[in-house]
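Biologist: Could you take one part of this model and walk me through it closely, then show me the setting around it? I'd love a connected account rather than a list.

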Amino acid sequence: MSSLIEHFEQLALSLPLLETVKELGYEAPSPIQAATIPPMLDGCDVLGQAQTGTGKTAAFALPILEKLDLSDREPQALVLTPTRELAIQVAEAFQGYARHIPGFHVLPIYGGQSMSLQLRHLRRGVHVVVGTPGRVMDHLRRETLSLAALRTVVLDEADEMLRMGFIDDVDWILEQTPEEKQVALFSATMPEPIRRVAHRHLRDPREVKIETHTATVATVRQRYCQVGAQHKLDALTRVLEVEDADAILIFVRTKIAATELAERLEARGYPSAALHGDMTQALREKTIEQLRGGNLDIVVATDVAARGLDVQRISHVVNYDIPYDTEAYIHRIGRTGRAGRAGDAILFIAPRELRLLRAIEKATRQPIERMPLPTPEAITGHRLAQFKQQVGEVFSSQDLGFFQELVAEIEREQEMSVHDIAAALTYLAQRDRPFQFEDAIPKDAEKERERPPGRPTREGRASRGERFSRDSGDFDKIRYRIDVGREHGATPQNIMGAIANEAGIEGRYIGRIEIHDDYSTVDLPNGMPPEIFQHLKRVRVRQHVLNIRRLDGVEPERKRPGRSKAERGGNREAAERKPARRRSTQPVD
Ligand code: AMP
């Protein structure tokens, strides 16, 4: 691992990109970036073992952007991803990193999206294409996508592509690319079939791997809280409410996030300070002294700024943003449990990042317990208990003569009982911060995000499968017949992959798949919208049109009136906004 690279300026990136990473608040290249960017800039092939969350998108996007010829409007880079969500995410990341490169165009292409829209964009000219294998193949067959000018191909999450049955498609696509090109393959694991692809298509690749040293962190109790990005701040608030903490160190990824989170916590009534590399040494030292002396209880830090921090009061480390790798994790949680004390580490993790969790467990050889999000009821209970205790403490420690007189006066003048007066005063005491806790996390947020073990899915997935199966009760299935079978070389994996991507149905909602000689059957959730059904009919597996139909011969009803485009999944943004609408109509209790 090139530990010599500690600053983005050490990488041969030009000013617009350096400016961008600075604006994004990236403090230093992540290990995968430090190791991948230099060989990619040199034109070498790269075989990178890295999972989501390590910063691998920037690791390939920055060198691709650096080497782009903007005047050439044929695709110069192709990124293949296993799912449409990842394709969209990667395309958005490219757009973000190219904010100072005017005229740059990236296009995500994936199944389920209108072909004509993609064609229009392709005709207009794009520099980078990010797509799922199925749709990229479609375009190549129709000759609507030219790869003649391609210089770089990236295979992102190759093991997922393998799991979803796309690896032969990937092979085929690679065969359609020019001989002279750079290939970067990223995969969280390196099973044999991936190694074979690498062997066939990569030339003398630089192998990049995030080393995971094992380390014991015996005095630290480790827990994780599964929470999507949109609820992280509320989740943190809940945790701060109930944890019995002395001082808390919260880790984020960027300088901007450190400042912002500290400000937002302040605004919610939790005095906090940021600690990051852009602060002067004097200010950093002052903050640390305040923390050490007990004048400050919450510090929001970046990895670089917290390096070597040794404050014994730190009882809790919260990994608000996940670390890039297990080393960073171990370093972070080592900031607590100092001097033989016990410490607590809490990791916030989105469902799609669960793999990193497993890697950390392996590296620390300790299980990380799941921590359910404290409920509003528990927080209210906690606040009441605290209040009761305070009342007792004030009574036994303060001279209350003046106040007792005052209460007696109110009793006389207002003809109130002492009981009523106490109740009114209690109300006043909590008016600015009511005992009854409420926030924006929907009651079923955790349940919604629960995934069956071993099948991490991407956060924010607004899967149509998920939606219509819920509408119709708990996974009520219908058996379908498709016109590809063993003779055509179909496997359950490639059928599942095609259906998952083209119909946007999550894998767990794809039921039993039976392969017969010249056809197969597959169980799918009842209530499939007709548009999806029509689309699936035309989807191909192993070059054969599925021509899907119900095994019992019933055709699904025609289009229901009033279903919006968003509900059909045509507009991702609108579809993702939908749960929020549903939430706001939920009663808040
Ligand atoms: P990825 O592993 O590519 O999905 O990236 C995970 C997250 O890390 C994204 O939100 C990036 O914006 C962020 N990120 C990537 N590189 C850096 C960096 N060098 N410093 C801080 N954040 C980063």
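Modeller: Happy to! One term first: a helix here is a DSSP run of H or I with at least four residues, and helices are numbered from the N terminus. With that in hand, let's begin at the end of helix 14, where R365, just after the helix, takes a positive phi of about 50 degrees. Do keep in mind throughout that this is a predicted model.

Helix 14 itself spans residues 354-364, and its buried residues are L354, L356, L357, I360, E361, A363 and T364. Notice that E361 is on that list alongside the leucines. What do the buried residues of helix 14 pack against? Their partners are strand 8 (220-226), helix 13 (326-333) and strand 13.

Strand 13, residues 343-349, takes us on to helix 10, since this strand is also among the elements that cover the buried residues there. Helix 10 runs over residues 232-242 and is mostly covered, with 10 of its 11 residues buried. Those are K232, L233, D234, A235, L236, T237, R238, V239, L240 and E241. Besides strand 13, the cover includes strand 9 (247-251), strand 11 (298-301) and strand 12 (314-319), together with helix 11 (255-267) and helix 15 (376-397).

Helix 14 also offers a route to another region, through R355, which is one of the residues touched by D159. D159 sits in helix 7, residues 158-163. Is D159 buried or exposed? The cut-off for buried is under 20% relative accessible area, and D159 comes in at 7%, so it counts as buried. Leaving aside residues up to four places away in sequence, its contacts are S187, A188, T189, I194 and R355. With A188 there is a polar pairing as well: a polar atom of the D159 side chain lies 3.3 Å from the backbone nitrogen of A188.

Now for the ligand. Where does it lie relative to the domains? Domain 1 (2-209) and domain 2 (220-373) both contribute residues to the surrounding shell, so the ligand lies between them. That shell holds 15 residues, the closest being Y26, Q33, T57, R253 and Y324. Sorted by class, the shell has eight polar, five nonpolar and two charged residues. Three polar approaches are worth finding in the viewer. An N or O atom in the side chain of T57 is 2.6 Å from an oxygen atom of the ligand, and an N or O atom in the side chain of Y324 is 2.6 Å from a ligand nitrogen. G55 takes part through its backbone, with a polar atom 2.7 Å from a ligand oxygen. Taken alone the ligand exposes 500 Å², and the protein buries 80% of that.

Two buried residues elsewhere show how stretches separated in sequence come together. L122, in helix 5 (residues 115-124), has a relative accessibility of 14% and therefore counts as buried. Beyond its sequence neighbours up to four places away, L122 touches L107, V129, H139, T144 and L145. Its C-alpha is 9.2 Å from that of S146, 24 residues apart along the chain. A503 belongs to helix 20, residues 492-503, and its relative accessible area of 0% makes it buried. A503 and I532 are 29 residues apart in sequence, with 5.9 Å between their C-alpha atoms.

To return to backbone geometry, D204 has a positive phi of about 45 degrees although it is not a glycine. D204 lies in the loop between helix 9 (192-201) and strand 7 (206-209), and its 71% relative accessibility means that it counts as exposed. E415, also not a glycine, has a positive phi of about 50 degrees. This residue is in the loop between helix 16 (401-414) and helix 17 (418-430), and at 73% relative accessibility it counts as exposed.

Finally, the whole chain. It has 22 helices and 20 strands, and 51% of its 589 residues count as buried. Among contacts with a separation of 6 or more, 77% join residues 24 or more positions apart. The accessible surface comes to about 27,900 Å², with 49% of it belonging to carbon and sulfur atoms.

Definitions and conventions. Residues numbered from 1 in each chain as written. Predicted model: local features only at pLDDT ≥ 70, side-chain atom pairs only at ≥ 80, totals over all residues. Heavy atoms only, no water. Helix = DSSP H or I, 4+ residues; strand = E, 2+ residues; numbered from the N terminus. Buried < 20%, exposed > 50% of the residue type's maximum accessible area, 1.4 Å probe, protein only. Polar contact = N/O pair within 3.5 Å; in protein donor to acceptor, adjacent residues only side chain to side chain. Contact = heavy atoms within 4.5 Å. Near = heavy atom within 4 Å. Areas by Shrake-Rupley, 256 points an atom, 1.4 Å probe, with all protein chains shown as cover. Nonpolar A, V, L, I, M, F, W, Y, C, P; charged D, E, K, R; others polar. Domains from an automatic or database assignment.
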